[in-house]
Amino acid sequence: MRLKAENLSVRRGDDLLFSNISFELARGEALIVTGRNGSGKSTLLRTVAGLIHPEGGRAYLLSDGRESEAKVPEASHYLGHRNAMKVELTVRENLDFWKTWLGDFEGGKGLGIEDAADAVGLSGITHLPFGYLSAGQQRRFAMARLLVSHRPIWLLDEPTAALDASADQLFSGFVEAHLKSGGMVIAATHQPLGLAETRELRMKGFDYLAGEHAA
């Protein structure tokens with residue numbers, strides 16, 4: 001399976017935010033999206049995730065050289081600036097919602113809720129309301145959302161926000177393991193993810209530069 005974007009263009013109001021962005025990812029590959037604030041990094045991820053309708057172009061999946069029936073949003077996890085958790089619900093209730101609602105994409109299986117909590121170093125507190133947790137703990141459990149249901153594509157927008165150095169390293173391990181298992185990652189970030197090798201897409205507003213980058 002490959003993820004391909006062709007000539008993506010997005011308009012914000014009357015202004016064209018970016019245009020003609022194209023890239024292709026194979027299994028095990030990561031693309032780091034960089035650029036100044038307002039250049040369209042978050043918008044690009046949200047467009048690939050299906051949350052924003054593009055002005056032009058499209059993103060789609062290829063399987064065995066032919067366009068797959070599966071849509072990109074169906075194959076993707078999107079982790080944005082917000083954690084997408086209800087503060088009044090317990091951690092378990094939040095993760096159970098995501099696990100049940102999303103299910104597993106073909107070819108993989110997500111972790112159980114307690115196993116995911118243990119993976120992010122916070123076992124034993126899933127009974128607590130999400131709103132009781134610190135910002136760092138909340139972000140760790142947002143990371144656990146990626147683990148409870150299998151999706152081959154991870155779309156990550158500043159994923160290490162509110163994390164300390166140890167949690168940064170933990171998250172890098174998750175991303176590396178996801179890539180080694182054949183997953184794909186697109187991450188918009190100002191911070192290095194500690195990956196051995198990535199490709200880079202540098203947003204420049206109305207145009208962009210794509211190239212190779214060794215992290």
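Helices are DSSP runs of H or I with at least four residues, numbered from the N terminus. The structure shown in these views is a predicted model.

**Figure 1. Helix α1 and the glycine that follows it.** Helix α1 spans residues 41–48, and 6 of its 8 residues are buried, so the rest of the structure largely encloses this helix. The buried positions are Lys 41, Thr 43, Leu 44, Leu 45, Thr 47 and Val 48. After α1 comes Gly 50, which has a positive phi near 85°.

**Figure 2. The aromatic cluster of Phe 97, Trp 98 and Trp 101.** A search of the whole structure yields 3 aromatic pairs. In one of them, Phe 97 and Trp 98 meet edge-to-face, with 5.2 Å from centre to centre and 70° between the planes. The ring centres of Trp 98 and Trp 101 are 5.8 Å apart and the ring planes stand at 70°; this pair is therefore edge-to-face, since planes over 60 degrees apart are classed in that way. Phe 97, Trp 98 and Trp 101 together make up one aromatic cluster. Helix α2 (residues 91–102) carries both Trp 98 and Trp 101, which are 3 residues apart, about one turn of the helix. In general, an α-helix has 3.6 residues a turn, so residues three or four places apart point the same way. Trp 98 is buried, at a relative accessible area of 15%, while Phe 97 is partly exposed at 45%. Trp 101 has a relative accessibility of 59% and counts as exposed, because the cut-off for that class is over 50%.

**Figure 3. Arginine side chains over aromatic rings.** Arg 145 is placed over the face of Trp 98, 4.9 Å from the ring centre. At another site, the charged end of Arg 58 lies over the ring of Tyr 60, at 3.9 Å from the ring centre.

**Figure 4. The largest nonpolar core.** This core comprises 33 residues, and those with the most contacts inside it are Val 120, Phe 141, Trp 154, Leu 156, Phe 171, Val 175 and Val 185. Two or more residues each are given to the core by β3 (30–35), α2, α3 (113–119), α4 (135–148), β7 (153–157), α5 (165–180) and β8 (184–188). Helix α4 supplies the largest share, 7 residues. Leaving aside residues up to four places away in sequence, Val 120 touches Arg 140, Phe 141, Met 143, Ala 144, Leu 147, Leu 170 and Phe 174.

**Figure 5. A second nonpolar core.** Apart from the largest core lies another, of 29 residues. Its members include Met 1, Ile 21, Ala 70 and Leu 155.

How values were computed
Residues are numbered from 1 along each chain as its sequence is written. This is a predicted model: local features need pLDDT of at least 70, side-chain atom pairs count only at pLDDT 80 or more; totals for chains, interfaces and linings use all residues. Side-chain values use heavy atoms; hydrogens and water are left out. Buried means under 20% relative accessible area, exposed over 50%, partly exposed in between (1.4 Å probe, protein chains only). Rings of Phe, Tyr and Trp (its six-membered ring) pair if their centres lie within 6.5 Å; planes under 30 degrees apart count as stacked, over 60 as edge-to-face and the rest as tilted. A charge sits over a ring if NZ of Lys or CZ of Arg is within 6 Å of the ring centre and within 35 degrees of the ring normal. A nonpolar core is a set of buried Ala, Val, Leu, Ile, Met, Phe, Trp, Tyr and Cys residues joined through side-chain atoms within 4.5 Å. Contact means heavy atoms within 4.5 Å.
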